[in-house]
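Subject: Structure for you to look through

Dear colleague,

I am passing on the structure we talked about, together with some notes on what was found in it. Please keep the model open while you read, so that you can look up each place as it is mentioned.

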Amino acid sequence: LAPTRSAAAEQVNRDFRSNPLSSARSWGYQLQDIDAHQIDKTDYDVVVVDAGSGDGAWGLSQREIRQLKTKPDGGRRIVLAYMNIGEAEDYRYYWNKAWAKTPPPWMGSANCRWKGDHRVRHWMGDWQNIMFGSPRSYLGRLIAAGYDGVYLDRVDIYYHWRSARWQAGADMVDFVVRLAGWARKQKPGFLIVPQNSEELLSEPRYLAAIDAIGKEDMLFGDRGNDVENAPERITRAERNFAPARAAGLPVFTIEYARKPANKARIAARHEKLGFTLYFGPRSLAYLGQDGTLHPEDGDTEPVAGTGDTQTCE
């Protein structure tokens with residue numbers, strides 16, 4: 001698919017060629033069992049890590065984060081902190097134990113797939129205030145810790161709310177735009193990278209607010225790590241990425257396939273699309289695919305937005 005200049009891209013007043021993420025040729029993604037020393041030995045240009053692990057007072061220490069910013073060859077590495085903005089997690093610093101019995105208005109049902117995660121009404125101010133807006137907010141702490149940016153997960157939570165709130169997608173756009181604006185006022189050049197929900201790229205304000213986008217399971221994984229996705233789903237994803245490709249927005253993809261033949265096909269397709277691909281374990285408990293197998297590595301994410309009422313998402 002040749003990228004075309006979309007109306008949305010025409011309205012984006014940004015030059016992504018000057019984006020530090022544009023020069024990245026590799027990336028890694030780890031959320032469990034974080035060991036800064038081990039990550040520092042890798043050659044990844046970009047790493048996404050969970051900020052809630054490590055030997056610092058809150059997540060990785062400032063010293064560890066500074067260390068990760070330099071690759072073994074002396075080059076610069078970009079370090080992004082994982083940040084779930086669509087679910088409240090009971091293992092985070094902000095969790096109030098009383099919420100288990102008396103949930104606040106912004107909290108929805110538990111995600112039965114991930115223990116400790118609770119869907120949130122992302123448009124509500126009290127939840128957004130926990131995420132950003134003050135030095136003690138989640139984002140405020142990440143900025144103070146020294147991260148280069150954030151990797152936003154569960155942006156797609158609006159799928160869950162669309163039947164009851166038709167504007168849930170627009171609410172998420174507003175949320176990300178405000179979050180990004182506040183972050184850059186605190187630290188100019190702070191990077192904002194959402195994961196999935198690529199259909200939001202058709203909204204010019206959203207495209208202008210972010211520095212890159214991540215994508216899971218684009219070609220394989222909906223029905224098994226080594227099972228190819230339905231053709232119509234792949235076609236839809238490629239179509240939704242057209243504004244990003246036209247604008248030159250970096251796209252970082254992760255696939256969990258392990259069979260060499262599948263990986264070769266996947267790599268060829270992502271290269272043709274111009275995306276930066278990473279093959280990782282489904283558990284995200286180690287970098288690359290050579291680590292000790294984790295119980296979650298054989299898992300498969302349910303397809304969001306399919307109308308399946310049994311989904312845990």
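The notes below go from the whole chain to single elements and residues.

Please keep in mind from the start that this is a predicted model. The protein has 11 helices and 13 strands, and of its 313 residues 55% count as buried. If you consider the contacts in the protein with a separation of 6 or more, 68% of them are accounted for by residues 24 or more positions apart.

A good place to begin is helix α5, which covers residues 138–145 and is mostly covered, with six of its eight residues buried. Those buried residues are Tyr138, Leu139, Gly140, Leu142, Ile143 and Ala145, and what covers them includes α3 (62–68), β3 (78–84), α4 (125–131), β7 and α7. Just after the helix comes glycine 146, whose phi is positive, near 110 degrees.

How is the packing of one helix on another put into numbers? Two packed helices are described by the angle between their axes and the distance between the axes. For α5 and α7 (residues 168–186), the axes come within 11 Å and cross at roughly 35 degrees, and the crossing is right-handed. On the α5 side the contact is made by Leu139, Gly140 and Ile143, while α7 contributes Leu179, Trp182, Ala183 and Gln186. Sorted by character, the residues of this contact are five nonpolar, two polar and no charged.

Turning to the strands, it helps to recall that strands of a sheet pair through backbone hydrogen bonds, either parallel or antiparallel. Both kinds of pairing can be found here. Strand β7 (residues 149–153) pairs with β8 in the parallel sense over four bridges, and in this pair leucine 152 stands opposite proline 194 of β8. In a regular strand the side chains alternate between the two faces of the sheet. In β8, Leu191 and Val193 point one way and Ile192 and Pro194 the other way, and all are buried.

The antiparallel case is an open sheet of three strands in the order β4-β6-β5. Its edge strands are β4 (87–89) and β5 (107–110), each of which pairs on one side only, and neighbouring strands of this sheet are turned by 35 degrees against each other on average, direction ignored. Three bridges join β4 to β6 (residues 117–120), and glutamate 87 stands opposite arginine 119 in β6.

Finally, the loop between β8 (191–194) and α8 (204–209) holds asparagine 196, and glutamate 203 lies in the loop between these two elements as well. Is asparagine 196 buried or exposed? Asparagine 196 counts as buried because its relative accessible area is 10%, which is under the 20% used as the limit. Apart from its neighbours within four places in sequence, asparagine 196 is in contact with Asp156, Ile213, Gly214, Lys215 and Glu216, and a polar atom of its side chain lies 2.9 Å from the backbone nitrogen of glutamate 216. Glutamate 203, by comparison, has a relative accessibility of 28%, so this residue counts as partly exposed. The C-alpha atoms of glutamate 203 and proline 243 are separated by 9.2 Å, although the two residues are 40 residues apart along the chain.

With best wishes

Notes: Residues are numbered from 1 along each chain as its sequence is written. This is a predicted model: local features need pLDDT of at least 70, side-chain atom pairs count only at pLDDT 80 or more; totals for chains, interfaces and linings use all residues. Side-chain values use heavy atoms; hydrogens and water are left out. Axes are lines fitted to C-alpha atoms, for helices over the stretch in contact, and angles run from 0 to 180 degrees between N-to-C directions. A crossing is left-handed if the near helix is turned anticlockwise from the far one by less than a right angle, and right-handed if clockwise. Contact means heavy atoms within 4.5 Å. Ala, Val, Leu, Ile, Met, Phe, Trp, Tyr, Cys and Pro count as nonpolar, Asp, Glu, Lys and Arg as charged, and the others, Gly among them, as polar. Buried means under 20% relative accessible area, exposed over 50%, partly exposed in between (1.4 Å probe, protein chains only). A polar contact is a pair of N or O atoms within 3.5 Å; within protein, one must be able to donate a hydrogen and the other to accept it, and residues adjacent in sequence count only if both atoms are side-chain atoms. Two strands pair if DSSP finds at least two bridges between them.
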